[in-house]
Amino acid sequence: MIHHLRAAGVDLIIDARGTAAPVVVHWGRALGDLDTAALTALADASAPAIAPSSIDHPFRVSVVPLLTEGWTGRPAVEISPHAAALRHIGTGRDGDAVLTMLALGDARIELRYALSPEGVLLVDRRVRNDGPADIEVRALAALLPVPSRAREVLDFTGRWAGEREPQRLRPGHGVWARDTRHGRGGHDDPFLFTVGTPGFGFRHGEVWATHVAWSGDRSVWLERSDLGASVVGAGERLDGHVLAPGETYAAPTVVAVWSDEGLDGLSARLHPWVRSWATPRGPRPVTLNTWEAVYFDHSLERLTPLVEAAARVGAERLVLDDGWFHGRTDDRRALGDWTVDERVWPDGLGPLISRVSEAGLQFGLWVEPEMVSADSDLARAHPDWMLTPADAVSWRWQHVLDLTHPDAWRHVFDSLDALLTQYPIAALKWDHNRDLLVPHSGGQVRALYRLLDALRAAHPDVEIESCASGGARIDLGILRRVDRFWTSDTNDPLARQRIQRWTGILIPPEFLGSHVGDERAHTTGRTASMAFRLATALFLHAGIESDISRLDDAQLDVLARWTEVYRTHRALVHGGTAVRSDDADPALLQHGVVSPDRTEGLFAYVALDRFEAALPSPISLPGLDPLRRYRVRVCDVGAPVRTVQDADPAWLANGVELPGSVLAEGVLTAPLLAPGEALLLHAVAV
Ligand code: DGJ
C-alpha cells in the first residue's frame, strides 16, 4: 500500500508495497489531488532507471537501505552482528502516523512517521532484540530524500559566548556530515541542519531541515550521490548501544521541516508546533540574574541593595546564581555539595528569599546537578560515583557525576528535592559547564531526562532553565523538560543579535533568555549603548544581569521604562510570528514579530557596524497583512538611540501610515544609526 500524510501544505508519501523495505517517495510540497490511482502512478513513475555499471534492478533508496542491496552511501541503520537481508514485516496506520516494521537478523525495527498539524514531520525509531544473544546498535538514523536542487547546506558552528555561527556550503558528491561528541549539544552544535535551493534566505527559497531532539551526541548529514539521489540523515550518534535479548532501544525523535518560504517558513511551522506542547507557564517574568552582578561575592548585605534595585525597576524574578552552596568560594570546588553554605548564609537562604518576596519578586536558584568537583565532600565520600574519575582530564576544574549510578542519581534527586521542599523556589537555573568526554554518553542523557522528569513531577510549579556554559545545550529533547534556555553567556548585544537571530529559527523567543548587561560587556570587553542593550534583550525572555544597585535614579528610571515596554509587548513578542529580512548590507540586520491576527508588529532595524553606503538601506517590515493599513511609530525603550547625521528622516517624528504591502517592500527611509544601535518600530493596524 502507498501511505500518504498531509498537513499544512506538506506531503509525506511512503511506498510500502511488496516485501522490500518501504521507500519515502516524496517529502515536501503538497502535491494537490492525489487519489490511490495517482499515488500509484507517482510511485511507479518516479522509480529510477538502471544506471550504467550498476546493479541489475532499479535501485530505490529505502528507509533502511543496505549495502548488500546496492546502497553504497552512508548507512542509516547499522546493527551487529550484521545481517545481509531485511524483511518488511508490514506497514500500516498507527493513529495519524505511519508505522513500518522490519526485521534485520534478530533486530526488529520500527519506524514511525507522523505529521503535526503545522506540517512538522516527526520520525521515531526503535529496535528490539528478538534474538537469544546480545546485539549492538551502531546507528538508527532517520533517512529522508531531498531533491537534487537542495544542494546548499546551512548548519551551525560556534564557541563559548559565540554560539550558532551559521556556515553555508555547497558540497559536491559525497557526504557532508556533522558528528558531535560533547555529551551535550556543544557550542558548535549543528542545531538545525538545513539544505535548500541555492541562495535560500529568511524569506525565500525551498528548504528542508532536520533537528535531533536530543541533548547528547548526534549525527546529521547530507549525502549527494552520483546516482542523482540526495538524502538527509539524522539521529543520535551511537558508540555502539548493546541490547540484551528482549531489550529495546528507542532513538530520539528526528524533527524534519520543509518550507518554500525560506527560514522564516521553517519557524512559521516550528514555533506554533513547539508552543503546542512546551509547558505554558504564563507571562515570562523580567528576571534579574546575579552572576555578572556579584559573581561569587554572596552575602545578605551584598545582595539586599540588588533586590531593592530589582524591585525598583520592575523585575519580577531574582535568580541567585553560582556561589551559594557549601564551600563554593570560586569555580574550582564544591560542586555536588548542594546544601546552603552556613558560613555565608548562617540562617540559610530564608532571609534573602524573604526580602525577595517582600519586594514582590519570585526567587530562583542556580544548580549544576550533573557535576562534581574533585574538591567536594561528595567526591571524597563517593569517588565511585564519578563518570570521569578524579585523575581524568578536568574542565573548569570539574568532573561529571555518573547519573546512571542509582545512588548518585538518588543523591542528586534528594538534594534538589530537599531544597525545593524547604524553600519557596519558583525556578532553577540548571547549568552544565563541561563536555562529558566519555564514550556511550547516551545513558547519562537518559538519566538526566529521568531526573528532570522526576523533579518536575514532584514540584510541578518549579520552572527550569537549561544552561550549559551559555547555550551549549539547546535542543527540543530537553525543551520537553525545561521552560527556558540561557541562550549564551555573552550579554554583549552585538554578539547577541547574531546568536539570537539564528537560535530563534528553531526555538520560539519566549523560551530564550536575554539579559541587559553592563555597558562594557564582561565577555568581550566591548561597550554598547543602553538603548542597544535594551532593544536586544526585549525580543526574548528579558532580564537584567548587572549590579544595578550602583545605578543612579535616572538610570534606574530608564530600566523601569524598559520593563514597562517589555510588559506591554510581551504577549505579542512571545506569541507572534517571527520575521527576518535578507539584507544585502552585512552591517544591517532586521527582525521582528507579527501578531497571529496580523493587527500589529514590533520590528528592529539594527546597525551591527557602519553601513556600507553613506545612506543606509530602507527599512522593511515584512509579514504584515498586505491589504491593511498600519500606523508605524518609533517604540521608545527609554534610552536615546544614537544616530550620526544632523537630521533624522521626517516621518520618524510622528510616524507614518501605509499598507502592509508597501511596508514589506522596504520603502521607509532609515536614520543613519551609529554602529551598534537599533531602532524599534511598532506597527498597528488602523
Ligand atoms: C555558566 C553560566 O552560563 C553562567 O551564566 C553562570 O551561571 C556560570 N556558569 C556560573 O558558574
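In this predicted model, helices H9 and H10 meet through a mixed set of side chains. Pro493, Leu494, Arg496, Gln497 and Gln500 of H9 are in contact with Phe532, Arg533 and Thr536 of H10. By class, the contact of H9 with H10 holds three nonpolar, three polar and two charged residues. The axes of H9 and H10 lie 10 Å apart, and the packing angle is about 20 degrees. That angle makes H9 roughly parallel to H10, since values under 35 degrees count as such. The crossing of H9 and H10 is left-handed.

H10 also packs against a second helix, H11. H10 covers residues 530-537 and H11 covers residues 553-573. Their axes are 11 Å apart, at an angle of about 25 degrees. H10 and H11 are therefore roughly parallel to each other. Here H10 passes H11 in a right-handed crossing. On the H10 side, the contact uses Met530, Leu534 and Ala537. On the H11 side, Val558, Leu559 and Trp562 take part. The contact of H10 with H11 has six nonpolar residues, with no polar and no charged ones.

A further helix pair is formed by H7 (residues 406-422) and H8 (residues 442-458). H7 and H8 pack at about 30 degrees, and their axes are 11 Å apart. The two helices are therefore roughly parallel to each other. H7 passes H8 in a right-handed crossing. H7 contributes Trp409, Val412, Phe413, Leu416, Asp417 and Leu420 to the contact. H8 contributes Ala447, Arg450, Leu451, Ala454, Leu455 and Ala458. By class, the contact of H7 with H8 has ten nonpolar, no polar and two charged residues.

The strands were examined next. Strands of a sheet pair through backbone hydrogen bonds, in either a parallel or an antiparallel sense. Both senses occur in this model, parallel in a barrel and antiparallel in an open sheet.

The barrel is closed by eight strands, in the order E21-E22-E23-E26-E27-E28-E29-E30. The pairing in the barrel is parallel. From one strand to the next, the twist averages 30 degrees. Within the barrel, strand E29 (residues 512-516) pairs with strand E30 (residues 541-544) over four bridges, in the parallel sense. Valine 516 stands opposite isoleucine 544 in E30. Helix H5 (residues 350-358) packs on this sheet. H5 touches strand E22 (317-320) and strand E23 (362-367). The direction of H5 makes about 140 degrees with that of E23.

The open sheet has six strands, ordered E31-E32-E33-E36-E34-E35 with antiparallel pairing. Its edges are strand E31 (577-580) and strand E35 (656-659), each of which pairs on one side only. Neighbouring strands of this sheet are turned by 25 degrees against each other on average, direction ignored. E31 pairs with strand E32 (residues 588-594) in the antiparallel sense, over four bridges. Alanine 578 has valine 593 of E32 as its bridge partner. Helix H9 (residues 493-506) packs on the open sheet and touches E31, E32 and strand E33 (600-607). The direction of H9 makes about 45 degrees with that of E32. H9 thus takes part in two of the packings described: on this sheet and with H10.

One annotated region was also considered. UniProt places the feature "domain: Glycosyl hydrolase family 36 N-terminal" at residues 106-240, in an unreviewed entry. Over residues 106-240 the chain is 0% helix and 56% strand. The end C-alpha atoms of this stretch are 16 Å apart. Strand E11 (residues 152-159) and strand E12 (residues 162-169) pair in the antiparallel sense over six bridges. Aspartate 155 stands opposite glutamine 167 in E12. The hairpin of E11 and E12 has two residues between the strands. In that hairpin, alanine 161 takes a positive phi near 65 degrees.

Arginine 302 lies in helix H4 (residues 300-313). Leaving aside neighbours within four places in sequence, arginine 302 is in contact with Ala293, Val294, Asp297, Asp547 and Arg550. Arginine 302 and aspartate 130 are 172 residues apart in sequence. In space, their C-alpha atoms are 62 Å apart.

How values were computed:
Residues numbered from 1 in each chain as written. Predicted model: local features only at pLDDT ≥ 70, side-chain atom pairs only at ≥ 80, totals over all residues. Heavy atoms only, no water. Pairing = 2+ DSSP bridges. Axes fitted to C-alpha atoms, helices over the stretch in contact; angles between N-to-C directions. Contact = heavy atoms within 4.5 Å. Parallel < 35°, antiparallel > 145°, perpendicular 65-115°, else oblique. Left-handed = near helix turned anticlockwise from the far one by under 90°. Nonpolar A, V, L, I, M, F, W, Y, C, P; charged D, E, K, R; others polar. UniProt positions renumbered as here; feature names shortened; annotations may be inferred.
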